[in-house]
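Thanks for coming. I have one structure for you today, and I will walk through it part by part.

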Amino acid sequence: WRSGVMVERKKLSQWFFNIKKFSQDLLDGLQNLKNWPEKVKLMQKNWIGKSEGCEILFKTKSNDDIKVFTTRPDTIYGASFIAISTDHPATKHFKNDKDFIKFKEMCNKIGTTEEALANAEKIGFDTKIKAIHPLETHRTLPVYVSNFVLMEYGTGAIFGCPAHDQRDLEFAKKYKLNILPVVIPNDEDEIKYKITNVAYTGDGVLINSKFLNGLNVQNAKKKIIDTIEKKSIGKRKISFRLKDWGVSRQRYWGCPIPIVYKKDGTAITLSKKDLPVILP
């Protein structure tokens with residue numbers, strides 16, 4: 001705002017406190033905060049962001065197998081594309097591609113908050129890679145690099161089900177991808193039901209989903225995860241939105257943690273008896 005220079009994301013070498021491994025402990029600990037306001041505990045719970053779902057393996061014709069984490073495995077038959085982060089390992093093929101470099105620079109100018117990603121225009125880079133649908137192996141899904149998938153959450157890849165996710169719907173309409181409803185509200189007629197401009201994210205009954213047809217969402221989730229594990233194409237998984245805590249104080253003496261560097265760049269942790277370190 002002061003200089004007029006475009007704000008963009010850049011990778012930095014920093015130290016982090018590894019708090020992700022305490023995600024469940026932090027969540028459980030909220031129950032012991034008896035005097036905290038409920039709204040603050042709810043904010044903390046959402047910040048930790050526990051998601052129960054499934055990790056599914058999508059094989060590709062280019063041997064770039066893609067693992068996808070989803071909280072809605074019940075919508076697998078409605079998948080019409082795969083979207084991956086700009087930092088996903090599968091993008092290695094495009095590191096010298098001028099169009100991809102330009103696309104990545106454009107993505108880096110968009111914020112990473114949920115609000116920023118929700119409000120940004122959904123854009124994609126067609127990798128020309130085709131992923132094989134794990135349950136319908138005769139069907140392939142196009143793989144796009146997209147600006148709304150972050151490497152920090154899940155596996156850095158999603159399957160897009162436009163009928164049941166607003167973000168996926170906007171993306172599918174932009175790139176003219178298939179939109180197939182696989183969940184309808186309990187009181188809807190399957191033949192007349194159509195998705196227009198709003199994705200349906202509520203509970204209901206499964207349709208267009210073979211052995212899942214007629215099940216409610218919860219039972220369909222359980223059955224599809226059991227099937228995926230039986231076929232060895234995925235597994236149950238819990239994911240957390242919580243990120244590691246960056247220690248980003250930038251001063252002459254570096255981060256305020258007891259680490260010193262040797263001349264060759266090797267990092268050494270110090271014991272309490274070596275503190276404080278006197279600067280030259």
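I will start with the whole chain and then go to single residues and pairs.

What you see is a predicted model. The chain has 280 residues, and 38% of them count as buried. Its secondary structure comes to 6 helices and 13 strands. For overall dimensions, the C-alpha trace spans about 75 × 55 × 40 Å along its principal axes.

Now to the salt bridges. How many salt bridges does the count come to? The count is 19 salt bridges. I will pick out a few.

Please look at helix 6, which covers residues 217–230. Lys222 and Asp226 both sit in this helix, 4 residues apart, or about one turn. Their side chains meet in a salt bridge, with 3.3 Å from N to O. Lys222 counts as exposed, at 53% relative accessibility, while Asp226 counts as partly exposed, at 31%.

Asp226 has another partner. Its side chain also meets that of Arg236 in a salt bridge, at 2.7 Å from N to O. What does this pair tie together? Asp226 is in helix 6 and Arg236 is in strand 10, residues 234–240, so the salt bridge links parts that lie 10 residues apart in sequence. Salt bridges with shared partners join Lys222, Asp226, Glu229 and Arg236 into one network. Arg236 itself is partly exposed, with a relative accessible area of 40%.

Another salt bridge is formed by Asp65 and Lys59, whose side chains meet at 3.5 Å, N to O. Is either partner buried or exposed, or something in between? Asp65 is partly exposed, with a relative accessible area of 38%. Lys59 is partly exposed as well, at 46%.

Staying with Lys59, where is this residue placed? Lys59 is in the loop between strand 2, residues 50–58, and strand 3, residues 66–70. There is also a long-range pair to point out here. Lys59 and Thr137 are 78 residues apart along the chain, and their C-alpha atoms are separated by 9.6 Å.

Next, charge on the surface. Which residues form a negative surface patch? They are Asp187, Glu188, Asp189 and Glu190. I will take Glu190 as the example. Glu190 is in the loop that runs between strand 8, residues 183–184, and strand 9, residues 205–206. At 45% relative accessibility, Glu190 counts as partly exposed.

On to the cysteines. A disulfide is a covalent bond between the sulfur atoms of two cysteines. How many disulfides does the count come to here? The count is 0. Two residues to look at are Cys54 and Cys161. Why is there no bond between them? The closest cysteine sulfur to that of Cys54 is the one in Cys161, and it is 15 Å away, which is too far for a bond. The cut-off for a disulfide is a pair of sulfur atoms within 2.5 Å. Seen from the other side, the sulfur of Cys161 has its closest cysteine sulfur in Cys54, again at 15 Å and too far for a bond. Cys54 is buried, with a relative accessible area of 0%. Cys161 is buried too, at 3% relative accessibility.

The last part is about the backbone. As background, most residues other than glycine have a negative phi, and most peptide bonds are trans. I have three places to show against that background.

Please find Lys128, in strand 5, residues 124–132. Lys128 has a positive phi of about 70°, although it is not a glycine. At 63% relative accessibility, Lys128 counts as exposed.

Then there is Lys176, in the loop between helix 5, residues 166–174, and strand 8. Lys176 also has a positive phi, of about 55°, and is not a glycine. Lys176 counts as exposed, at 75% relative accessibility.

Finally, where is the cis peptide bond I want to show? The bond runs from Leu275 to Pro276, with omega near -5°. Pro276 is in the segment after strand 13, residues 267–269.

To recap, we have gone over a predicted model with 19 salt bridges and 0 disulfides. That is the end of the walk-through.

How values were computed: Residues numbered from 1 in each chain as written. Predicted model: local features only at pLDDT ≥ 70, side-chain atom pairs only at ≥ 80, totals over all residues. Heavy atoms only, no water. Patch = residues over 30% accessible without salt bridge, like charges linked within 9 Å, V, L, I, M, F, W, Y side chains within 5 Å. Areas by Shrake-Rupley, 256 points an atom, 1.4 Å probe, with all protein chains shown as cover. Salt bridge = Lys/Arg side-chain N within 4 Å of Asp/Glu carboxyl O. Lys, Arg positive; Asp, Glu negative; His and termini not counted. Charge placed at Lys NZ, Arg CZ, Asp CG, Glu CD. Helix = DSSP H or I, 4+ residues; strand = E, 2+ residues; numbered from the N terminus. Buried < 20%, exposed > 50% of the residue type's maximum accessible area, 1.4 Å probe, protein only.
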